[in-house]
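Visitor: I would like a close look at a single residue in this model, followed outward into its surroundings. Please take the contacts as the starting point and build the wider picture from there.

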Amino acid sequence: MAVADLVRVRRLSDQEGQQLLRITRRGTGSPIRLRRSMVVLASAGGNMVPAIARLVQADEDTIRQVIHRFNEMGMASLDPNGLYRDPGGVA
């Protein structure tokens, strides 16, 4: 296994986990936010980069970028524009 495959999302707070589950279960809104949420949840669940890449049909480097960005920025990294807005709020 290559070292690059060992990229994992940091431990999620309870609130982050609940928000991510809401986004993925709802399946509405931004498809970018949905896919990024799926990546983060899959990583938090212990899946490795290649498996996540197959799950969301994306390049492994893209998966690593999403995970690194989430680790740095948290929920803000899910927004296509880089700014997180509450999914229940007014856009």
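Guide: In this predicted model, S37 touches L20, I23, T24 and L78, once residues up to four places away in sequence are set aside. S37 itself is placed in helix α2, which spans residues 31-44, and its relative accessibility of 0% is why it counts as buried.

Another residue of the same helix helps to fill in this picture. L34 also lies in α2, and, leaving aside its neighbours within four places in sequence, L34 is in contact with I23, T24 and G27. Between the C-alpha atoms of L34 and L21, which are 13 residues apart along the chain, the separation is 9.9 Å.

Two of the partners of S37, namely L20 and I23, lead to helix α1, where the buried residues are E16, G17, Q19, L20 and I23. These buried residues lie on the same side of α1, because the arc they cover around the axis is only 165 degrees. The other side of α1 carries D14, Q15, Q18 and R25, which are exposed, while the cover over the buried residues of α1 includes α2 and α4. The helix α1 has 13 residues, and the distance from its first C-alpha to its last is 18 Å, close to the 18 Å expected at 1.5 Å a residue. After α1 comes G27, with a positive phi near 65 degrees; G27 is also one of the residues that L34 contacts.

The partners L20 and L78 also lead to the largest nonpolar core, which has 18 residues, and in which L20, V39, V40, I63, I67, F70 and L78 touch the most other members. The elements that each give two or more residues to this core are α1 (14-26), α2, α3 (49-56) and α4 (60-73). As a general background, nonpolar side chains tend to be buried together in soluble globular proteins.

One of these core residues, I63, shows where the contacts continue: apart from neighbours within four places in sequence, I63 is in contact with V39, V49, I52, A53, V56 and A58. Among these partners, V49, I52, A53 and V56 belong to the buried residues of α3, and P50 is buried in that helix as well. The buried residues of α3 cover an arc of only 160 degrees around the axis, and therefore they sit on the same side of α3. R54 and L55 are exposed on the other side of α3, and what covers its buried residues includes α2 and α4. Just after α3, Q57 takes a positive phi of about 55 degrees.

Seen from the whole protein, the secondary structure comes to 4 helices and 0 strands, with the elements running α-α-α-α from the N terminus on. Of its 91 residues, 36% count as buried, a group to which S37 belongs, given its 0% relative accessibility. Among contacts with a separation of 6 or more, 60% are accounted for by residues 24 or more positions apart. The protein exposes about 5700 Å², of which carbon and sulfur atoms supply 51%.

Technical notes:
Residues numbered from 1 in each chain as written. Predicted model: local features only at pLDDT ≥ 70, side-chain atom pairs only at ≥ 80, totals over all residues. Heavy atoms only, no water. Buried < 20%, exposed > 50% of the residue type's maximum accessible area, 1.4 Å probe, protein only. Contact = heavy atoms within 4.5 Å. Areas by Shrake-Rupley, 256 points an atom, 1.4 Å probe, with all protein chains shown as cover. Core = buried A, V, L, I, M, F, W, Y, C linked by side-chain atoms within 4.5 Å. Arc of directions from axis to C-beta. Expected span 1.5 Å × (residues − 1).
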